[in-house]
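Visitor: I would like to learn how to read a few features of a model. Could we take them one at a time?

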Amino acid sequence: MKKQLTIGVSGINAVDNPGPGIGVARSLREAQDLDVRIIGLSYDAMEPGIYMDWVVDDAFLLPYPSAGHDAYRERLNYVQEKTGMDFIIPTLDTEMPFYMKYHRELAAQGIGTFVPTPEQYRLRGKDRLGELAKALDLSLPRTEVVSSLEDLERAVDDIGTPVMVKGAFYKAYKAYTGKEAVSHYNKLVAEWGYPILVQEMVKGDELNVVAVGNGEGSSLGRVGVKKMWITELGKIWTGVTIQHPAMMRATDRFMELYRWRGPMELECMVDGDTVYLVEINPRFPAWTYLSTGVGVNLPARMVRRALGLPDPQGASHDYDAGKLFVRYTYELVTDMERFQQMITTGERGDTP
Amino acid sequence: MQRLRSLALNPDGFAFDPTTGESFTLNATGLAVVEGLREGLAHEQLTAHLVEHFEVTPLDASRDVDDFLDHLRSFRLL
């Protein structure tokens, strides 16, 4: 008999800028050889995943990890006591420092994770894109890392408008004038801190790859996508699977060179034969479910790998190009009680 | 030519490039030319094929093939 695994998944904010959690949770549920109970780890009582009980079994509110690691750990301890949580898949960039720092302690108390080392994480940082692009044989749009208004103005002058102004963790804005760049810079610094990247705008198609590194130099699988339609926030709404040789090679090279452990997303802009590196995210992207839909269930493969479970037969790395991904909106109606429960007790679910 | 060969083509003229994710729609003559190119037909043979299957003079067909090949080049498919 299969042991039921209780897996905590964060990023269950299935909103217009969706977290990856729901796609990850659905993937785990659809793995026929895994029996999972999903614990939603949320930061706001209105995250839609809390109410999606066909995907998320129990949900708990957590303090932001940036507000202090002790409070965050304490809350995870509580969740584990309450649910017997065996494994956590953090899906948000801001959570990564905590999980990289405490993965041993968590393992000692019976909570598995599969995350990169701090060194691996640092080497793929936005401030290291130059080295990374060179190592992966990709081009890089002209990029300046800035930490002051003077640096910003100089970078915008040097690169020339329009430019992209990007935050340390999230968000990127187009700036057509120096003034606009300053306004975006201030907004990003207030929200995400330093450094800020100023990058040349390059034209092309947005092509991405999701993969999971096994920590030993290769991947547990990888799937490429072309964004066909994006929201105003630049989030994929419709996409199609692709097999882009240069991007697949870059992904393999990244795994080999950095011995990456855990999920990652390679983001590129492709203009003809030129493949520009945009960034590498150290987590599953919000479109992860596409990989599952084409037969490469990366979240399930990662959990099996981390827990030493055997791969089911037919766990292939192949997938078809030309499979369409369509996101859609949906509504549910439920009792106010769930919301009240989350607000007053910080949790909801069936676990006694 | 490699990209042209790797296109997924359907009989209605929808073409999908599995490398870049780009898709194109071809009319009947465009489809005939792409299929001909994939079979290795040369310019003269493509022209003859169009004359045989569509109501077009050899001169117009030859010009159309030239135009279409330019289009394919502009999309980096040739």
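**Strands, a helix, spaces and backbone angles**

Guide: The model is predicted. A place to begin is chain B, where strand β2 (residues 14-16) pairs with β1(B) in the antiparallel sense through 2 bridges. Within that pairing, L9(B) has A15(B) of β2(B) as its bridge partner.

Visitor: What is the strand order of the open sheet in chain B, and which strands are at its edges?

Guide: Strands of a sheet pair through backbone hydrogen bonds, in either a parallel or an antiparallel way. Here the open sheet has 3 strands in the order β1-β2-β3 of chain B, with antiparallel pairing. The edge strands are β1 (8-9) and β3 (23-25) of chain B, each pairing on one side only.

Visitor: Which way do the residues of strand β6 of chain A point, and are they buried or exposed?

Guide: In a regular strand, side chains alternate between the two faces of the sheet. In β6 (residues 163-166) of chain A, V163(A) and V165(A) point one way, M164(A) and K166(A) point the other way, and all are buried.

Visitor: Which strand does β6(A) join by 4 bridges, and where does V163(A) find its partner?

Guide: β6(A) runs antiparallel to β8 (residues 196-200) of chain A, with 4 bridges between them. V163(A) is the bridge partner of E200(A) in β8(A). β6(A) also pairs with β7 (residues 172-175) of chain A, again antiparallel and over 4 bridges, with K166(A) opposite A172(A). β6(A) and β7(A) make a hairpin with 5 residues between them, and K171(A) in its turn has a positive phi of about 70 degrees.

Visitor: What does the span of helix α3 of chain A tell me?

Guide: Helix α3 (residues 96-108) of chain A has 13 residues, so at 1.5 Å a residue it should span 18 Å, and its end C-alpha atoms are 18 Å apart, which agrees. The helix nevertheless has a kink of about 65 degrees, centred on Y102(A). Y102(A) is also buried, as are M96(A), F98(A), Y99(A), M100(A), H103(A) and L106(A). Among the elements covering the buried residues of α3(A) are α2 (69-83), β2 (35-42) and β12 (261-271) of chain A. After α3(A) comes G110(A), with a positive phi near 90 degrees.

Visitor: How many cavities of 30 Å³ or more are there, and what lines the largest?

Guide: Rolling a probe the size of a water molecule over the atoms shows where empty space is left. The structure has 1 cavity of 30 Å³ or more. The largest cavity holds about 60 Å³ of space, and its lining includes M96(A), F114(A), P263(A) and M302(A).

Visitor: Which element gives the largest share of the lining of the second largest pocket?

Guide: That share, 5 residues, comes from α1(A). The second largest pocket has about 1000 Å³ of space. Its lining counts 34 residues, with A14(A), I22(A), R26(A), M52(A) and Y328(A) nearest its centre.

Visitor: Where are the cis peptide bonds at P162(A) and P195(A), and what is omega in each?

Guide: Most residues other than glycine have a negative phi, and most peptide bonds are trans. The bond from T161(A) to P162(A) is cis, with omega near 0 degrees, and P162(A) is in the loop between α6 (149-159) and β6 of chain A. The bond from Y194(A) to P195(A) is cis too, with omega near -5 degrees; P195(A) is in the loop between α7 (178-192) and β8 of chain A.

Visitor: What is phi at D137(A), and is D137(A) buried or exposed?

Guide: Phi of D137(A) is positive, near 60 degrees, and D137(A) is exposed, with a relative accessible area of 71%.

Methods. Residues are numbered from 1 along each chain as its sequence is written. Chains are lettered from A and ligands numbered from 1 in the order in which they are written. This is a predicted model: local features need pLDDT of at least 70, side-chain atom pairs count only at pLDDT 80 or more; totals for chains, interfaces and linings use all residues. Side-chain values use heavy atoms; hydrogens and water are left out. The expected span of a helix is 1.5 Å times one less than its number of residues. The bend at a residue is the angle between axes fitted to the seven residues ending there and the seven starting there. Buried means under 20% relative accessible area, exposed over 50%, partly exposed in between (1.4 Å probe, protein chains only). Contact means heavy atoms within 4.5 Å. Two strands pair if DSSP finds at least two bridges between them. On a 1 Å grid over the protein atoms alone, a cavity is a set of points where a 1.4 Å probe fits but cannot get out, and a pocket is an open set with protein on both sides within 12 Å along at least five of seven lines; lining residues have an atom within 4 Å of a point. Grid points are joined across faces, edges and corners, and a volume is the space filled by probe spheres set on the points.
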